[in-house]
Amino acid sequence: MICPLANVEKVFDTEHGVVYQCSRQNCYWLEFQGTTTAFKISDLFLFKKRIDTIDIESMLSESSRSYDFEIVMPFRTDRCYLLNVSDILNLREVLAGTKFMIQLNSEVKRCLRRGCVIA
């Protein structure tokens, strides 16, 4: 559950997850698999990098049951994700969209500070 006193803005969403930005606590909230997890920006990008490094191909090609799921514990959270291939792909989509929107927002702000004119 997101802090009820928080002032949040939706950064990116898909049908499987949402990321909100909380300006009050200076963090990002990931809503995925029915739970929410708070991340500092650097931790969110580390979590994205961790999810991106999961070897989907081996999960699909190996017949052992140990390859059916991946357990991921984000840094500095008490959350533990148990992800199958579909969950990983859905989470990657949410995190990739979030990273893109954060970078796009930063670029727009940088242009506005410089007085860039878009013709």
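Start at the largest pocket of this predicted model: select Glu 9, Lys 10, Val 11, Gln 21, Tyr 28, Met 101, Ile 102, Asn 105, Ser 106 and Lys 109, the residues that line it. The space they border has a volume of about 240 Å³. Colour the selection by class and you will find four nonpolar, three polar and three charged residues. Now colour by secondary structure instead: strand 1 (8-13) and helix 3 (85-114) each give at least two residues to this lining. Helix 3 provides the largest share, with five residues.

That makes helix 3 a natural next stop. Select 85-114 and follow the helix from end to end. Its 30 residues reach 43 Å from the first C-alpha to the last, close to the 44 Å expected at 1.5 Å a residue. At its start, show the side chain of Asn 84: one of its oxygens comes to within 3.1 Å of the backbone nitrogen of Ser 86. Then show the buried residues of helix 3, which are Val 85, Asp 87, Ile 88, Asn 90, Leu 91, Val 94, Leu 95, Gly 97, Thr 98 and Ile 102. Ile 102 may look familiar, as it also lines the largest pocket. Just past the end of helix 3, click on Gly 115, where phi is positive at about 80°.

While you are looking at backbone angles, try two more residues. Most residues other than glycine have a negative phi. Asn 26 is not a glycine, yet its phi is positive, at about 55°. You will find Asn 26 in the loop that joins strand 2 (17-22) to strand 3 (27-32), and it is exposed, with a relative accessible area of 60%. For the second, go to the loop between strand 5 (70-72) and strand 6 (81-83), where Arg 76 sits. Arg 76 also has a positive phi without being a glycine, here about 60°. With a relative accessible area of 62%, Arg 76 is exposed too.

Last stop: the cysteines. How many disulfides does the structure hold? Zero. To see why for Cys 22, draw a distance from its sulfur to the closest cysteine sulfur, that of Cys 27: at 4.7 Å, the two are too far apart for a bond, since a disulfide needs the sulfur atoms within 2.5 Å. Switch on a surface and compare two cysteines. Cys 22 is buried, at 1% relative accessibility, whereas Cys 80 is partly exposed, with a relative accessible area of 36%.

Note on methods
Residues are numbered from 1 along each chain as its sequence is written. This is a predicted model: local features need pLDDT of at least 70, side-chain atom pairs count only at pLDDT 80 or more; totals for chains, interfaces and linings use all residues. Side-chain values use heavy atoms; hydrogens and water are left out. On a 1 Å grid over the protein atoms alone, a cavity is a set of points where a 1.4 Å probe fits but cannot get out, and a pocket is an open set with protein on both sides within 12 Å along at least five of seven lines; lining residues have an atom within 4 Å of a point. Grid points are joined across faces, edges and corners, and a volume is the space filled by probe spheres set on the points. Helices (H or I, at least four residues) and strands (E, at least two) are DSSP runs, numbered from the N terminus. Ala, Val, Leu, Ile, Met, Phe, Trp, Tyr, Cys and Pro count as nonpolar, Asp, Glu, Lys and Arg as charged, and the others, Gly among them, as polar. Buried means under 20% relative accessible area, exposed over 50%, partly exposed in between (1.4 Å probe, protein chains only). The expected span of a helix is 1.5 Å times one less than its number of residues. A polar contact is a pair of N or O atoms within 3.5 Å; within protein, one must be able to donate a hydrogen and the other to accept it, and residues adjacent in sequence count only if both atoms are side-chain atoms.
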